[in-house]
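Notebook open. I want to look up the cores and the pockets in this one.

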Amino acid sequence: MDDCLVVETNITDNSIRLEQILGYKFQDKAILNLSMVHSSMVKKRLDSNERLEFVGDRVLGLIIAEILYQTFPNEVEGQLGYRFASLVRSDCLASIAEKLELGDFIYLSPGALDASKQARKRILSNACEAIIAAIFLDGGYSEAFCFVKKHWRPLIIESTKPVKDSKTRLQEWAQSKKYPVPTYSCLDQSGPDHSPIFIVEVSIPAETKISARAEGPSKRIAETRAAKKCLHKIEIQGQD
(Lines give C-alpha, C1' and ligand atoms only; values in the text may rest on other atoms or scores of the structure.)
Protein backbone atom coordinates (compact mmCIF):
# COMPACT_ATOMS: atom_id res chain seq x y z
CA MET A 1 0.00 0.00 0.00
CA ASP A 2 1.25 3.50 -0.83
CA ASP A 3 2.72 5.48 2.09
CA CYS A 4 0.24 8.31 1.59
CA LEU A 5 -2.69 5.92 1.85
CA VAL A 6 -1.30 4.38 5.03
CA VAL A 7 -0.87 7.79 6.61
CA GLU A 8 -4.35 8.94 5.61
CA THR A 9 -5.94 5.76 6.96
CA ASN A 10 -4.17 6.17 10.31
CA ILE A 11 -5.07 9.79 10.98
CA THR A 12 -8.28 10.55 9.14
CA ASP A 13 -10.36 9.29 12.06
CA ASN A 14 -8.83 12.02 14.23
CA SER A 15 -9.55 14.87 11.81
CA ILE A 16 -12.96 15.75 13.27
CA ARG A 17 -11.57 16.01 16.79
CA LEU A 18 -8.61 18.04 15.57
CA GLU A 19 -10.91 20.42 13.70
CA GLN A 20 -12.86 20.99 16.90
CA ILE A 21 -9.67 21.82 18.78
CA LEU A 22 -8.46 24.17 16.03
CA GLY A 23 -11.86 25.83 15.68
CA TYR A 24 -11.76 25.49 11.91
CA LYS A 25 -13.53 23.05 9.58
CA PHE A 26 -11.49 22.08 6.54
CA GLN A 27 -12.94 21.82 3.08
CA ASP A 28 -9.95 19.69 2.07
CA LYS A 29 -9.33 17.05 4.76
CA ALA A 30 -6.26 15.81 2.91
CA ILE A 31 -4.30 18.98 3.63
CA LEU A 32 -5.21 18.74 7.33
CA ASN A 33 -3.99 15.13 7.39
CA LEU A 34 -0.79 16.06 5.56
CA SER A 35 -0.02 18.77 8.11
CA MET A 36 0.32 16.08 10.76
CA VAL A 37 2.67 13.75 8.86
CA HIS A 38 6.25 13.77 10.12
CA SER A 39 9.00 13.10 7.58
CA SER A 40 10.28 10.11 9.54
CA MET A 41 7.14 8.15 8.66
CA VAL A 42 7.20 8.39 4.86
CA LYS A 43 9.66 7.27 2.19
CA LYS A 44 9.49 10.55 0.27
CA ARG A 45 9.87 13.86 2.12
CA LEU A 46 7.35 15.36 -0.30
CA ASP A 47 4.74 13.19 1.42
CA SER A 48 5.45 14.83 4.79
CA ASN A 49 4.41 18.18 6.28
CA GLU A 50 7.76 19.88 5.53
CA ARG A 51 6.51 21.97 2.60
CA LEU A 52 3.60 23.14 4.75
CA GLU A 53 6.06 24.12 7.49
CA PHE A 54 7.81 26.35 4.95
CA VAL A 55 4.57 28.12 4.04
CA GLY A 56 3.34 28.33 7.63
CA ASP A 57 6.53 30.05 8.78
CA ARG A 58 6.01 32.83 6.22
CA VAL A 59 2.28 33.18 6.86
CA LEU A 60 2.81 33.38 10.62
CA GLY A 61 5.44 36.07 10.16
CA LEU A 62 3.16 38.23 8.03
CA ILE A 63 0.22 37.89 10.43
CA ILE A 64 2.30 38.61 13.55
CA ALA A 65 3.81 41.66 11.83
CA GLU A 66 0.32 42.98 11.00
CA ILE A 67 -0.99 42.39 14.51
CA LEU A 68 2.01 44.11 16.10
CA TYR A 69 1.68 47.05 13.72
CA GLN A 70 -1.96 47.48 14.74
CA THR A 71 -1.44 46.84 18.46
CA PHE A 72 1.59 49.08 19.12
CA PRO A 73 1.16 52.20 16.95
CA ASN A 74 3.70 54.19 18.99
CA GLU A 75 6.60 51.75 18.74
CA VAL A 76 9.44 52.12 16.23
CA GLU A 77 10.67 49.39 13.90
CA GLY A 78 13.31 48.11 16.30
CA GLN A 79 10.87 47.65 19.16
CA LEU A 80 8.38 45.86 16.91
CA GLY A 81 11.22 43.68 15.66
CA TYR A 82 12.13 42.53 19.16
CA ARG A 83 8.52 41.59 19.85
CA PHE A 84 8.27 39.82 16.51
CA ALA A 85 11.35 37.67 17.14
CA SER A 86 9.99 36.41 20.46
CA LEU A 87 6.60 35.51 18.98
CA VAL A 88 7.79 33.47 16.00
CA ARG A 89 10.57 31.54 17.72
CA SER A 90 10.27 27.78 18.09
CA ASP A 91 9.66 27.95 21.85
CA CYS A 92 6.52 30.00 21.30
CA LEU A 93 5.24 27.73 18.53
CA ALA A 94 5.91 24.60 20.57
CA SER A 95 4.09 26.08 23.56
CA ILE A 96 0.99 26.78 21.48
CA ALA A 97 1.20 23.31 19.94
CA GLU A 98 1.25 21.85 23.46
CA LYS A 99 -1.88 23.79 24.40
CA LEU A 100 -3.61 22.52 21.26
CA GLU A 101 -2.44 18.97 22.08
CA LEU A 102 -1.03 18.57 18.58
CA GLY A 103 1.27 15.86 19.87
CA ASP A 104 -1.74 13.54 20.03
CA PHE A 105 -2.32 13.93 16.29
CA ILE A 106 1.15 13.93 14.73
CA TYR A 107 1.88 10.78 12.73
CA LEU A 108 5.42 9.76 13.76
CA SER A 109 7.38 6.93 15.30
CA PRO A 110 6.49 5.93 18.89
CA GLY A 111 8.53 7.77 21.49
CA ALA A 112 9.83 10.41 19.08
CA LEU A 113 8.23 13.23 21.06
CA ASP A 114 9.95 11.97 24.21
CA ALA A 115 13.40 11.50 22.65
CA SER A 116 14.69 14.82 23.97
CA LYS A 117 13.44 18.25 24.94
CA GLN A 118 14.90 19.78 21.79
CA ALA A 119 13.45 17.08 19.52
CA ARG A 120 10.00 17.52 21.05
CA LYS A 121 10.13 21.29 20.67
CA ARG A 122 11.22 21.02 17.04
CA ILE A 123 8.52 18.50 16.09
CA LEU A 124 5.73 20.45 17.80
CA SER A 125 6.93 23.78 16.42
CA ASN A 126 7.04 22.43 12.88
CA ALA A 127 3.58 20.87 13.23
CA CYS A 128 2.18 24.19 14.41
CA GLU A 129 3.61 25.94 11.35
CA ALA A 130 2.14 23.21 9.13
CA ILE A 131 -1.31 23.72 10.66
CA ILE A 132 -1.14 27.46 10.00
CA ALA A 133 -0.23 26.76 6.37
CA ALA A 134 -3.03 24.21 6.02
CA ILE A 135 -5.62 26.69 7.28
CA PHE A 136 -4.20 29.41 5.02
CA LEU A 137 -4.24 27.21 1.91
CA ASP A 138 -7.69 25.81 2.68
CA GLY A 139 -9.50 28.93 3.88
CA GLY A 140 -7.35 31.90 2.90
CA TYR A 141 -5.53 34.64 4.78
CA SER A 142 -8.53 35.75 6.86
CA GLU A 143 -8.99 32.29 8.39
CA ALA A 144 -5.29 31.95 9.12
CA PHE A 145 -5.31 35.45 10.63
CA CYS A 146 -8.19 34.55 12.96
CA PHE A 147 -6.41 31.39 14.09
CA VAL A 148 -3.11 33.13 14.81
CA LYS A 149 -4.77 36.11 16.48
CA LYS A 150 -6.76 33.83 18.79
CA HIS A 151 -3.74 31.87 19.99
CA TRP A 152 -1.02 34.54 19.88
CA ARG A 153 -2.99 37.54 21.12
CA PRO A 154 -2.71 36.56 24.83
CA LEU A 155 1.09 36.33 24.45
CA ILE A 156 1.22 39.73 22.79
CA ILE A 157 -0.89 41.35 25.49
CA GLU A 158 1.02 39.69 28.35
CA SER A 159 3.84 42.20 28.04
CA THR A 160 2.94 45.84 27.51
CA LYS A 161 6.60 46.88 27.55
CA PRO A 162 8.84 46.50 24.50
CA VAL A 163 11.02 43.40 24.46
CA LYS A 164 14.64 44.08 25.38
CA ASP A 165 17.03 44.60 22.51
CA SER A 166 19.27 41.75 21.35
CA LYS A 167 22.45 43.13 22.92
CA THR A 168 20.80 43.43 26.33
CA ARG A 169 19.28 39.95 26.09
CA LEU A 170 22.61 38.42 25.04
CA GLN A 171 24.42 40.08 27.93
CA GLU A 172 21.79 38.90 30.41
CA TRP A 173 22.03 35.38 29.00
CA ALA A 174 25.83 35.38 29.39
CA GLN A 175 25.52 36.62 32.96
CA SER A 176 22.94 33.93 33.76
CA LYS A 177 25.48 31.31 32.62
CA LYS A 178 28.27 33.06 34.56
CA TYR A 179 30.15 33.77 31.32
CA PRO A 180 32.10 36.99 30.66
CA VAL A 181 30.13 39.78 29.02
CA PRO A 182 29.97 39.65 25.21
CA THR A 183 32.69 41.56 23.34
CA TYR A 184 32.13 43.28 20.01
CA SER A 185 34.90 43.74 17.43
CA CYS A 186 34.69 45.70 14.19
CA LEU A 187 36.32 43.43 11.62
CA ASP A 188 35.93 45.57 8.55
CA GLN A 189 34.58 48.84 7.21
CA SER A 190 33.93 49.38 3.54
CA GLY A 191 31.89 51.54 1.19
CA PRO A 192 31.85 55.31 0.68
CA ASP A 193 31.65 57.74 3.63
CA HIS A 194 28.00 58.49 2.94
CA SER A 195 27.06 54.79 2.87
CA PRO A 196 29.50 52.73 4.94
CA ILE A 197 29.19 49.01 5.73
CA PHE A 198 30.53 47.69 9.03
CA ILE A 199 31.20 44.03 9.76
CA VAL A 200 31.11 43.24 13.48
CA GLU A 201 31.74 40.05 15.41
CA VAL A 202 30.35 39.36 18.87
CA SER A 203 31.95 36.65 20.98
CA ILE A 204 31.54 35.15 24.42
CA PRO A 205 34.40 33.14 25.94
CA ALA A 206 32.91 29.86 27.14
CA GLU A 207 33.69 26.12 27.10
CA THR A 208 33.00 26.38 23.38
CA LYS A 209 33.44 29.85 21.96
CA ILE A 210 30.09 31.42 21.12
CA SER A 211 30.25 33.98 18.33
CA ALA A 212 28.43 35.48 15.36
CA ARG A 213 29.08 38.06 12.66
CA ALA A 214 26.82 40.59 11.00
CA GLU A 215 27.00 43.73 8.92
CA GLY A 216 25.15 47.03 9.02
CA PRO A 217 25.27 50.70 8.01
CA SER A 218 26.59 51.63 11.46
CA LYS A 219 28.54 49.86 14.19
CA ARG A 220 25.53 49.99 16.50
CA ILE A 221 23.23 48.30 14.00
CA ALA A 222 25.87 45.72 13.08
CA GLU A 223 26.40 44.91 16.77
CA THR A 224 22.66 44.51 17.34
CA ARG A 225 22.36 42.21 14.33
CA ALA A 226 25.35 40.15 15.47
CA ALA A 227 23.83 39.77 18.94
CA LYS A 228 20.55 38.65 17.37
CA LYS A 229 22.37 36.03 15.27
CA CYS A 230 24.22 34.86 18.37
CA LEU A 231 20.97 34.43 20.29
CA HIS A 232 19.55 32.44 17.37
CA LYS A 233 22.60 30.16 17.43
CA ILE A 234 22.17 29.65 21.17
CA GLU A 235 18.53 28.70 20.68
CA ILE A 236 19.32 26.21 17.89
CA GLN A 237 22.04 24.59 19.98
CA GLY A 238 19.62 24.25 22.89
CA GLN A 239 21.67 26.37 25.26
CA ASP A 240 18.86 28.81 26.13
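My entries on cores and pockets follow.

**Cores.** I'm working from a predicted model. I started with the largest nonpolar core, which has 44 residues. L22, L102, I131, F147, V148 and W152 have the most contacts inside it. Helices 2 to 8 each give two or more residues to this core, and helix 7 (117-139) brings the largest share, 10 residues. I then checked L22: beyond its neighbours within four places in sequence, L22 is in contact with L32, L100, L102, I131 and F147. Apart from the largest core I found another, of 14 residues, with W173, Y179, I210 and A212 among them.

**Largest pocket.** Its volume comes out at about 890 Å³. Of the 27 lining residues, V88, R89, S90, H232 and E235 are the closest to the centre. Helix 10 gives the most to this lining, seven residues. By class I get 10 nonpolar, seven polar and 10 charged residues for the lining.

**V88.** I followed this residue up, and V88 sits in helix 5. Not counting residues up to four places away in sequence, V88 touches L60, G61, I64 and L93. I also looked up the C-alpha separation between V88 and D57: 8.1 Å, with their positions 31 residues apart along the chain.

**Second largest pocket.** Which elements give two or more residues to the lining here? Helix 5, helix 9 and helix 10 do. I noted a volume of about 360 Å³. The lining includes E77, Y82, R169, R220 and K228, and the class split is three nonpolar, four polar and five charged residues.

Key:
Residues numbered from 1 in each chain as written. Predicted model: local features only at pLDDT ≥ 70, side-chain atom pairs only at ≥ 80, totals over all residues. Heavy atoms only, no water. Core = buried A, V, L, I, M, F, W, Y, C linked by side-chain atoms within 4.5 Å. Buried < 20%, exposed > 50% of the residue type's maximum accessible area, 1.4 Å probe, protein only. Helix = DSSP H or I, 4+ residues; strand = E, 2+ residues; numbered from the N terminus. Contact = heavy atoms within 4.5 Å. 1 Å grid on protein atoms, 1.4 Å probe; cavity = no way out; pocket = protein on both sides within 12 Å on 5 of 7 lines; lining within 4 Å. Points joined across faces, edges and corners; volume = space filled by probe spheres on them. Nonpolar A, V, L, I, M, F, W, Y, C, P; charged D, E, K, R; others polar.
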